[in-house]
Every structure is written in structure tokens, then in C-alpha cells.
Amino acid sequence: MQTHADKNQENQSIAVANTVPQKKNDGKPTYQFVDNRPEAVAHRRLQEMANNRPQGKQAAQLQAMVDNHSSQQQHIQKKENNKTSIIQRRVALAKNAMTQNFVELTSIDYGLNIAGGPVELLKNSNFSGMTEEESLAIVAHGSMGSSGEYSADQIASFLTDDTTGLKKNIKNIKFTSCYAGKGKQQDNSDSVISVLKKKLSDKELNIPIVGAMGPSIKSLGLGTDEYTVWDKDKTTKIESQGDNISGNLPANSVLESVLVDLLDPQGYANRAMSEIEESENEQENIKNKTEMVRHATTGFYRSLVDTIDDTQNSWLIKGVLSGEIEINDSMATRIGIKWRIPKLTGEELKKAILGAAAHKNLLLENNPLRLV
């Protein structure tokens, strides 16, 4: 079952060091004019892409993204119209270079909404001027004990550096990366959040820090500024044993790769970014890029949130890999409707499942599956 983050210590999917206040406000645009804001330009370009694309699964998906754009933008505009003034708020990317990865770009977009800009590389950021009214979002892919390309200790070093580190308590720090609150130790003392909290405490800083205890899904295209955390332990498991490999992987992890294969969010993101006319303003380019990628990948994220914790999908994955289920076109069509993938064929679905399993090193030639 998917769990929506609610900034509460009792939510076991979210690691929270201190509480984080939330503000909800309303506001509506009232004027009609030729709109040249980046988000409006993004909408028009996506509509042009939809109009010019051949009919089929991808065309239907892209049109759905365009149709959903207005409601997404209204939600974000309400947030923008009512944000308090923040001077040094920022988004820090935990990588050595700016990214083209659609997951990280939608995370930057999410971070811009909850914290504001500018967007900087973590290693180049100077946090010394931040104050208690300002927020920091740290974005990247993540795993237990690390975020992006840095370990928990390295991240803590950036934020506690004697020259460029934090000097005062700030409003909050939020990690968008998966497993920011989860460590390899049973007590999670080696998690990114725990290590950072301790290092900040050593500097006599007490800052609320929030992060996911598992894989996290964050996209403003879903119409919320909360992210979804799904639990890999709460799904049927696939165990693979053979001469070359031995592994145990949750079926919903394979399902994620299946959806990536079928919906091609990175391809849509790349096409969307190719439509952008870059200016001399680097921050404006980043903002335009993340907004375009948000709209281009919303269909994927909606399908992912809808399907990732459905146990029927987990059993489908297991059944296909074990040979117990043979998918025909009729079954694939029904599944495609649930997954928001029109005109899905049995061959396409089977190929995607087998390909995802191979990618995850679960399925090799002469390597039988033992299902648990």
C-alpha cells in the first residue's frame, strides 16, 4: 500500500528529525493575456508535440499529460502566490555535474517548489548565509547511507564545513532521495539523516530534517507537494538462484522497470528538453527544463503510483517469470487500461517483464527461478 508523506514522526515511511511546519494557501490568477511564462510555454510545446506525434500508446500518453497540465499548474501557482519571502533558499544537487536524468530533474522541480532556488551543485554551495526562515532541499538518487554521489559523511561535511557550512539553524532540510532515513544498521544510525543530524548537533545546530525510509516517488505532476514512499518489504519476493547469480528482489522493483520500458519517461524527457531554447540565464534554463520534464513524465509517475503496491501486479510479474502465466492480447489490454497504457499487446508486456528481470540480474539463460 502506498504511503503519502505527512511530515509526522509516527509515519514509519518518513524519517523526521524534529517536526516540520506546513503552510497551505489559496490563490488564483485573474488576468487573461498572451502568457509567455516558462510553464505556459511548456504547455504549448507539449501540445505541439502531441499534435504532431503519430497516434498510438505514446501519443495518448502525451495528450493525457497536456490535458492534465492546467490542474497541475493551478496547484503550483497557489503555492507560488503565497510563499513567504526567502532570500537564500536553495536546491542542492548531490552530484558532481548537472543532470539529464528524468528522476533527478523532477526531484529538482519538486525541490524548487518546496524550497525555492537557486539550483546548485552541493559541492559548490555556500550555506553560511542561510537563516532560520530559509529552507534547503537536497536532491538526487539515493540508497542506504548515501545520496547521489556522496556518502552520508561527505554530505554532512559539506553542510558543517567551517567556512561554507551552515552557521545558524534554518527552517528545514528535506532530502528527496530514496532511503535518506534508512541505514544498513538496524537502528538506522548510519542513514544520511542520522549522520547529518549528529554532525549538525556537534555544531550546536538543531534543524528539522526529513527524508524517506524507502524508495520515494516525487513529482509535482501528481498534484501534491507530498511524496509517496513505497515499501519493498511489503510485496511478494522473487528469488533467483543459479551458477552465476543469487539474489532476492521484490516484484514491485521489477514492475518499476517494466513501466520505465513501456512508458519511456526518459525518452519523453529528452524530447521535451530538446524543445527548449536556452537563454544566457542558467537558473532560468534549469527551471524551464525541470518544468518541461515534469509535464512530459507525469503519465509515467501516475502509472507508477497506481500500480507499484498492487499485489496483483506482483503476482503477475512472478507468474510470467515462472512460466505459470501466459499473457495474451486480451489480458494485456486489460492490464494496459489499469496501467494507463492503451493498446498494450501481450508480446510487448511479456518482453518488458523479461527484459526488466534480466536487467535486474534475475533471469539468465539456464538460471531457474525459485519463487518465495
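In the predicted model, helix 4 (residues 152–160) packs against helix 5 (residues 192–202) at an angle of about 35°, and their axes lie 9 Å apart. The crossing of helix 4 over helix 5 is right-handed. Helix 4 contributes Ala 152, Asp 153, Ile 155, Ala 156, Leu 159 and Thr 160 to the contact, and helix 5 contributes Val 192, Val 195, Leu 196, Lys 199 and Leu 200. By class, eight of these residues are nonpolar, one is polar and two are charged.

The loop between strand 9 and helix 5 holds Asn 188. Asn 188 has a relative accessibility of 13% and therefore counts as buried, the cut-off being under 20%. Apart from neighbours within four places in sequence, the contacts of Asn 188 are Gly 181, Lys 182, Gly 183, Ser 194 and Met 213.

A second helix pair is formed by helix 7 (residues 265–274) and helix 8 (residues 282–307). Their axes are 8 Å apart and meet at an angle of about 150°. Helix 7 crosses helix 8 in the right-handed sense. On the helix 7 side, the contact uses Pro 265, Tyr 268, Ala 269, Ala 272 and Met 273. Facing them in helix 8 are Lys 289, Met 292, Val 293, Ala 296, Thr 297 and Phe 300. This contact comprises nine nonpolar residues, one polar residue and one charged residue.

Across the chain, the secondary structure amounts to eleven helices and 15 strands. The chain has 372 residues, of which 51% are buried. Among contacts with a separation of 6 or more, 74% link residues 24 or more positions apart.

Strand 5 (residues 135–139) pairs with two strands, as follows. Strand 3 (residues 90–93) runs parallel to strand 5 and is joined to it by four bridges. Within this pairing, Ala 92 stands opposite Ile 138. Strand 9 (residues 172–175) also pairs with strand 5 in the parallel sense, over four bridges. Here Leu 136 of strand 5 has Ile 173 as its bridge partner in strand 9. Five of the five residues of strand 5 are buried, so this strand is largely enclosed by the rest of the structure. Burial extends to both faces of strand 5. Ser 135, Ala 137 and Val 139 lie on one side, with Leu 136 and Ile 138 on the other.

A separate description applies to strands 6, 7 and 8. These three strands form an open sheet in the order 6-7-8, with antiparallel pairing. Strand 6 (142–143) and strand 8 (150–151) are the edge strands, each pairing on one side only. Strand 7 (residues 146–147) is linked to strand 8 by two bridges, and the two run antiparallel. Ser 146 is placed opposite Ser 151 of strand 8.

In soluble globular proteins, nonpolar side chains tend to be buried together. The largest nonpolar core of this model has 71 residues. Ile 173, Phe 175, Val 258, Trp 339 and Leu 349 touch the most other members of that core. Helix 6 (residues 251–263) supplies the largest share, with seven residues. Beyond neighbours within four places in sequence, Leu 349 is in contact with Val 258, Leu 262, Ile 327, Ala 332, Ile 335, Trp 339 and Leu 344. A second core, separate from the largest one, has seven residues, including Tyr 110, Ala 212, Leu 220 and Tyr 227.

Some backbone features fall in loops. The peptide bond between Gly 117 and Pro 118 is cis, with omega of about 5°. Pro 118 lies in the loop that connects helix 3 (102–114) with strand 4 (119–121). Arg 340 is not a glycine, yet its phi is positive, at about 65°. Arg 340 sits in the loop between helix 10 (329–338) and helix 11 (346–359). Its relative accessibility of 42% makes Arg 340 partly exposed. Lys 343 lies in the loop between helix 10 and helix 11. Lys 343 too has a positive phi without being a glycine, here of about 60°. With 62% relative accessibility, Lys 343 counts as exposed, since the threshold for that class is over 50%.

Technical notes. Residues numbered from 1 in each chain as written. Predicted model: local features only at pLDDT ≥ 70, side-chain atom pairs only at ≥ 80, totals over all residues. Heavy atoms only, no water. Pairing = 2+ DSSP bridges. Buried < 20%, exposed > 50% of the residue type's maximum accessible area, 1.4 Å probe, protein only. Axes fitted to C-alpha atoms, helices over the stretch in contact; angles between N-to-C directions. Left-handed = near helix turned anticlockwise from the far one by under 90°. Contact = heavy atoms within 4.5 Å. Nonpolar A, V, L, I, M, F, W, Y, C, P; charged D, E, K, R; others polar. Core = buried A, V, L, I, M, F, W, Y, C linked by side-chain atoms within 4.5 Å.
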